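Subject: Structure for your files

Hello,

Here is the structure I said I would pass on. My notes on it follow below the entry.

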Amino acid sequence: MLKNDIQVLRKLANQLAELSALPIMKERKQQWYNLNARKVDKPMFLMGEFPWNEMNIDNELTLQCQDPFYREMETTLRQLLYRHKHIQDDWVYEPFLYVPKVVRGLNYGLDIIEDKLTRDDGNVVEAHSYVSQLKTWEDLEKIQVPDLYLDEEETNRREDMAKEAVGDILQVFMDGPEVDYRPWDHFMEWSDVNTLYDKMMFDEDWVHALMRKSLDVQLAIIYKLRDMDCLMRQQQVVHCTGGWTDLLPENPEKPDLKDVWTYGMAQILYTVSPEMHDEFEFQYASEWYDKFGLGYYGCCEPLDDRMEYVKQIKGIHKISVSAWVKDFEGMAEAMEGKFVYSNKPAPALVAAPSWNPEVVEADLRTRLNAAQKYNCPVEFTLKDISTICYEPQRLTKWSEVMRKVIG
C-alpha cells in the first residue's frame, strides 16, 4: 500500500518542483518582497479559503493514497497544483513541503460547546450555535494556560514518512501552528453577544479582566510554542495574503517571535464605537503585535472609521480593507502610504446565482484607484469563498478580471 502511495506523492512532488523552477517564481517572489516592504510596486493578489468540494475538475482533486497521513500530503500537493492550473493567482510555488508538528492540548482551558449546521457534504463552511460559558467573574477562571506538549513520537513518524516519500524532491519542513491574536473570535465561541455587549456597557472592569486574562494566557501559550520549537516557520501566507518577505528569515532553524508574522482581528467589535474598540481591543492588541516581526490586522470588520486607532498598533504592516468598508479613499488617505492597503473584495460576487464580471471589475477598480490615489502599496485577497455554485471556472474568470484591472 505504502509503495503505491509513495509513487503517487512523488509524481505530484515532481510537478511542484518543476513549477518552482519557473523563472516567473523568482520574479513574483521579489514583487511580494517589495509589497511587504511597503514599497509601491505591482499590485498583487491571492485567493484563499476555497469550497474545495465544489471544485474537482476531471478528478484532479480525487485522492489516490490510502494511508491517512499520506492522504494529507496528497491533498496539499493536489491543491497547490490545482491552484496553478485553475486559480492562476500570484502564489509563489516553492520546492517546500510543510508538515504540521503534532501539538497536543492546544486550547485555553475551555471546550467549545456548540451545534453545527453544514450547507452540504464536504463544505468546511458551517453555521455555529454556541453555549455561553462566560458570564460571571468566577467564569473567567475557566480560561487557563493549557498543558500543551509536542508529541515527538508522532511528529517524528510523520517527518520520516514525508522524507521517505518526497524528501529527495522537496525540502520537508516540520512546522508549528499559526500565530494569531483574535480573542473576540474566541469570546464568541465561549460566551454570547448579548452578555459581552452588556458587560462593555455596564461592567467594564469585567471586560478588561477578560482581555487581560486571555492575553496573558495566549502569551504564555506562544512562549511555550517558541520554547518547544513549534512556531510556524512558513512565511508564504499570513491570513490568506502573501507573506513572502525578506524582512524576516526564510524558514529559520529555530524561529523566535521576531522571526515570524502574526495577524489578528476583532470582527464583532465593528458595531461598537471606535473609542470602545480601542479600549477593549486595540490597546491589548498592540502589546501582542509588538512582540512579533511583522503584523497584519483585520478581517471582515470595516476599519475606515477607526484608522486613527489601528495605526497605533505596534508592528502593523498590512491593514485589511474589507468588503464592508464605506470610504475606500478615506481609508487609503489615512494609511499615508505607510501600510499595505490589503483589499478583501466581496466573495458574494463569485457566489451569486449568476456571474457578472462587469460588477467584479467595477469593484476592483474602485479599490485600486483609491489605493493608488494616495500612493499605497496594494494587494487583493479573495477569501471566505463559501460557494461558487459548483462552477469552479468562476475563480479562473475572477483572476482574468483581476489581471485586466492591475495591468
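I start with a loop residue: Asp229 sits in the loop that runs between H7 and strand E9 (237-238). Please keep in mind throughout that this is a predicted model. The phi angle of Asp229 is near 55 degrees, which is a positive value in a residue other than glycine. Asp229 has a relative accessibility of 18% and therefore counts as buried, the limit being under 20%.

Another residue with a positive phi is Cys240, where the angle is near 75 degrees, again in a residue other than glycine. Cys240 belongs to the loop between E9 and strand E10 (241-242). With a relative accessibility of 17%, Cys240 is also classed as buried.

Strand E9 lies between these two loops in the listing above, and Val237 is part of that strand. Is Val237 buried or partly exposed? At 23% relative accessibility, Val237 counts as partly exposed, because buried would require a value under 20%. Leaving out residues up to four places away in sequence, Val237 touches Leu46, Trp91 and Gly243. As for a longer distance, Val237 and Lys373 are 136 residues apart in sequence, and their C-alpha atoms are 27 Å apart in space.

Helix packing

H7 takes part in two of the packings I looked at, one with H6 and one with H8.

Helix H6 (residues 193-202) packs against H7 at an angle of about 115 degrees, and the axes are 6 Å apart. On the H6 side the contact is made by Leu196, Lys199, Met200 and Phe202, and on the H7 side by Glu204, Trp206, Val207 and Leu210. Sorted by class, the residues of the contact of H6 with H7 are six nonpolar, no polar and two charged.

Helix H7 (residues 204-227) packs with H8 at an angle of about 20 degrees, and here the axes are 11 Å apart. That angle makes H7 roughly parallel to H8, since the class takes in angles under 35 degrees. The crossing of H7 and H8 is right-handed. H7 contributes Glu204, Val207, His208, Met211, Arg212, Leu215, Gln218, Leu219 and Ile222 to the contact, while H8 contributes Glu279, Phe280, Glu281, Tyr284, Glu287 and Trp288. The residues of the contact of H7 with H8 divide into eight nonpolar, two polar and five charged. Glu204 and Val207 of H7 appear in the contact with H6 and in the contact with H8.

A further pair is formed by helix H3 (residues 68-87) and helix H4 (residues 152-166), which pack at an angle of about 60 degrees with their axes 11 Å apart. H3 is therefore oblique to H4. The crossing of H3 and H4 is right-handed. Phe69, Tyr70, Glu72 and Met73 make the contact from H3, and Arg157, Arg158, Met161, Ala162, Glu164, Ala165 and Val166 make it from H4. What classes do the residues of the contact of H3 with H4 divide into? Seven are nonpolar, none is polar and four are charged.

A residue in H8

Ser286 is placed in helix H8 (residues 274-289). Its relative accessible area is 12%, so Ser286 is buried. Which residues is Ser286 in contact with, leaving aside its neighbours within four places in sequence? They are Gln312, Ile313 and Lys314. Ser286 and Ala334 are 48 residues apart along the chain, and their C-alpha atoms are separated by 19 Å.

The protein as a whole

The protein has 13 helices and 15 strands. Its C-alpha atoms fill a box of roughly 60 × 50 × 40 Å along the principal axes. The radius of gyration is 22 Å, which agrees with the value near 22 Å for a compact globule with 407 residues. Of the 407 residues, 54% count as buried. Among contacts with a separation of 6 or more, 76% come from residues 24 or more positions apart.

Regards

How values were computed:
Residues numbered from 1 in each chain as written. Predicted model: local features only at pLDDT ≥ 70, side-chain atom pairs only at ≥ 80, totals over all residues. Heavy atoms only, no water. Axes fitted to C-alpha atoms, helices over the stretch in contact; angles between N-to-C directions. Helix = DSSP H or I, 4+ residues; strand = E, 2+ residues; numbered from the N terminus. Parallel < 35°, antiparallel > 145°, perpendicular 65-115°, else oblique. Left-handed = near helix turned anticlockwise from the far one by under 90°. Contact = heavy atoms within 4.5 Å. Nonpolar A, V, L, I, M, F, W, Y, C, P; charged D, E, K, R; others polar. Buried < 20%, exposed > 50% of the residue type's maximum accessible area, 1.4 Å probe, protein only. Rg over C-alpha atoms; globule rule 2.2 N^0.38 Å.
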